[in-house]
Amino acid sequence: MSRPVRPDRSRPARSRRDRHGRGLRGRLVPDEVPLARSRAEQFDDLVLDVVEDLERRWERELAGVEFAVEDVPWVDHTDPDEVVLDPDVLDDGTVPLARVLPPHREDGREVPARIVVYRRPLEIRAHDRDDLADLVRDVVVDQVAVLLGRDPEEIDPTG
């Protein structure tokens, strides 16, 4: 199941009891500190930063496009010997990194275009956080270029 990338970066407060039932456990670090965010939340922030930057430049063209993050690509395990990737999948060898789903009609309603970024394959390829940020930017720019039918250098001239 994919989770949409949301601009709301606030975290819901969680209260849990400690394992001995003596009371609520507090957070180890304040919510304002980057350490308080999970790896998945930090990855969502990287994707959101790129999307916000691209939407400033391509506001009209990206209006209505949904961006989402999934941990890993879904694979049909009915035939594990044959992995066939759709042509809309950006892959590294045979491991999908992201996917563009063009707009289409489903059950009589219009479904907007969607770009899905796969977190775990990208994290595995990155050496550090800066490398991951660069890789996320490259992948999102490539997918936006595919969706808009343009060259990646035209989408992001700084990349």
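**View 1. Strands β4 and β9 pair up side by side in the parallel sense.** In this predicted model, β4 covers residues 66-70, and 5 bridges link this strand to β9. Want one pairing to look for? Find valine 69: the bridge partner of this residue in β9 is valine 117.

**View 2. Strand β9 also pairs with β6, and here the two strands run antiparallel.** β6 spans residues 95-101, with 4 bridges joining this strand to β9. Which residue of β9 is the bridge partner of alanine 98? That's valine 117, which is also the partner of valine 69.

**View 3. Here's a look at how covered β9 is.** The strand takes in residues 114-118, and 4 of those 5 residues are buried, leaving β9 mostly covered.

**View 4. Helices α1 and α4 cross each other at roughly 45 degrees.** α1 is made of residues 39-57 and α4 of residues 129-148, and their axes come within 10 Å. Angles under 35 degrees would count as roughly parallel, and 65 to 115 as roughly perpendicular, so these two helices are oblique to each other. The crossing of α1 past α4 is right-handed.

**View 5. Now zoom in on the residues where α1 and α4 touch.** On the α1 side, look for Gln42, Phe43, Leu46, Val47, Val50, Val51, Asp53, Leu54 and Arg57. Across from them, α4 brings Arg129, Leu132, Ala133, Val136, Arg137, Val140, Val141 and Val144. What kinds of residues make up this contact? There are 12 nonpolar ones, along with 4 charged and 1 polar.

Conventions. Residues are numbered from 1 along each chain as its sequence is written. This is a predicted model: local features need pLDDT of at least 70, side-chain atom pairs count only at pLDDT 80 or more; totals for chains, interfaces and linings use all residues. Side-chain values use heavy atoms; hydrogens and water are left out. Buried means under 20% relative accessible area, exposed over 50%, partly exposed in between (1.4 Å probe, protein chains only). Two strands pair if DSSP finds at least two bridges between them. Axes are lines fitted to C-alpha atoms, for helices over the stretch in contact, and angles run from 0 to 180 degrees between N-to-C directions. Angles under 35 degrees count as roughly parallel, over 145 as roughly antiparallel, 65 to 115 as roughly perpendicular and the rest as oblique. A crossing is left-handed if the near helix is turned anticlockwise from the far one by less than a right angle, and right-handed if clockwise. Contact means heavy atoms within 4.5 Å. Ala, Val, Leu, Ile, Met, Phe, Trp, Tyr, Cys and Pro count as nonpolar, Asp, Glu, Lys and Arg as charged, and the others, Gly among them, as polar.
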